[in-house]
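Work through the two exercises below with the structure open. Try each task before reading its solution.

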Amino acid sequence: MEPAIAPPVPGVLSSTYAAGLAGGSRPVDLRTALKAAGFSEALLWRVEIERRWSISGEKPLGDALAEFVRELRQLVGAFPAVPLSRRVVFISSSQADKSLALGQWLTREVFQQGTKCRVCHVEFSRPNSCLELEVFCDAVGVGLTHYTPDLRVSDDGARVYWDVPCFGAAAGDETPQLADLLRQQAIETRVLVLNAAYEIESLRAGLKSGRSLGATHVVLTHLDETKDVGKLWEILLEGEMRPLFFSHDGNLLGPIGVDPLDFLAKKTLGKS
């Protein structure tokens, strides 16, 4: 006798369910469905071991998925919430839209939080274009300064955001210079920006580079283009950092979610 067909489950399982029916396979248990939807075996084991929660069970698939997502959220939510310091830098590879993330966060800081902010733009041996950032800062009333080695950057009365060159292959040998700048300027808050639409191998490479630079927070961009949300939970768990926010689209002035884990949970369950 064939097993009963599981009802369609919204979110990450909906496409899996449809593809399974088309291919003649019917994922009727949570583990099979989650693995087909992009959640790795390692992540499933981590949830089971650290949360002492069994993925196997007799509950309906939709109910079991909701419980699984709650357990994931508890794991990531347990990482320390590190407050922002007076000096903040956004770091990324060249493909992660760091300037977009910085602009969206500045919009929130200035208009929603009423925080007085300044931006310090940095170039090393290679050009680090900031024309769009200059136009944006002028539009929102945020002062922008161009950094020179003899410049004394004061954070009195304002939070200073540093616009620095990207790391990675395109940055050549500038990563050591970036590390020196972060240390010399005592920039304690280091926000790693990753493109959520990239494959997990690329995300892991960016995560490795960011952690080598002392990343304290993470931001995921292009969330609207991401279909495989399983990899995002995996990256958050591997990085052991609370997300600062998620960038849903390319609108600099658009709102950003104040609770990124809630947003990701809803996206996983097909409720966003």
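**Exercise 1.** Which residues of helix 8 are buried? Find them, then work out how they are arranged around the axis.

Solution. The model is a predicted one.

Step 1. Locate the helix: helix 8 covers residues 200-212, which makes 13 residues. From first C-alpha to last it reaches 18 Å, close to the 18 Å expected at 1.5 Å a residue.

Step 2. Take buried to mean under 20% relative accessible area. The buried residues of helix 8 are then Ile200, Leu203, Gly206, Leu207 and Gly210.

Step 3. These residues cover an arc of only 120° around the axis, so they lie on the same side of helix 8. An α-helix has 3.6 residues a turn, so residues three or four places apart point the same way.

Step 4. Check the other side of helix 8: Glu201, Lys208 and Ser212 are exposed there.

Step 5. Look for what covers the buried residues of helix 8. The cover includes strand 1 (87-92), strand 5 (189-195) and helix 9 (230-239).

Step 6. Move just past the end of helix 8, where Gly214 has a positive phi of about 80°.

**Exercise 2.** At roughly what angle do the axes of helix 3 and helix 4 cross? Describe the contact as well.

Solution.

Step 1. The axes of helix 3 (residues 41-50) and helix 4 (residues 61-77) come within 10 Å and cross at roughly 80°.

Step 2. Angles of 65 to 115 degrees count as roughly perpendicular. Helix 3 and helix 4 are therefore roughly perpendicular to each other.

Step 3. On the helix 3 side, the contact is made by Leu43, Leu44, Arg46, Val47 and Glu50; on the helix 4 side, by Phe68, Glu71, Leu72 and Leu75.

Step 4. Sorted by type, the residues of this contact are six nonpolar, three charged and no polar.

Conventions
Residues are numbered from 1 along each chain as its sequence is written. This is a predicted model: local features need pLDDT of at least 70, side-chain atom pairs count only at pLDDT 80 or more; totals for chains, interfaces and linings use all residues. Side-chain values use heavy atoms; hydrogens and water are left out. Axes are lines fitted to C-alpha atoms, for helices over the stretch in contact, and angles run from 0 to 180 degrees between N-to-C directions. Helices (H or I, at least four residues) and strands (E, at least two) are DSSP runs, numbered from the N terminus. Angles under 35 degrees count as roughly parallel, over 145 as roughly antiparallel, 65 to 115 as roughly perpendicular and the rest as oblique. Contact means heavy atoms within 4.5 Å. Ala, Val, Leu, Ile, Met, Phe, Trp, Tyr, Cys and Pro count as nonpolar, Asp, Glu, Lys and Arg as charged, and the others, Gly among them, as polar. The expected span of a helix is 1.5 Å times one less than its number of residues. Buried means under 20% relative accessible area, exposed over 50%, partly exposed in between (1.4 Å probe, protein chains only). The arc is that of the directions from the helix axis to the C-beta atoms.
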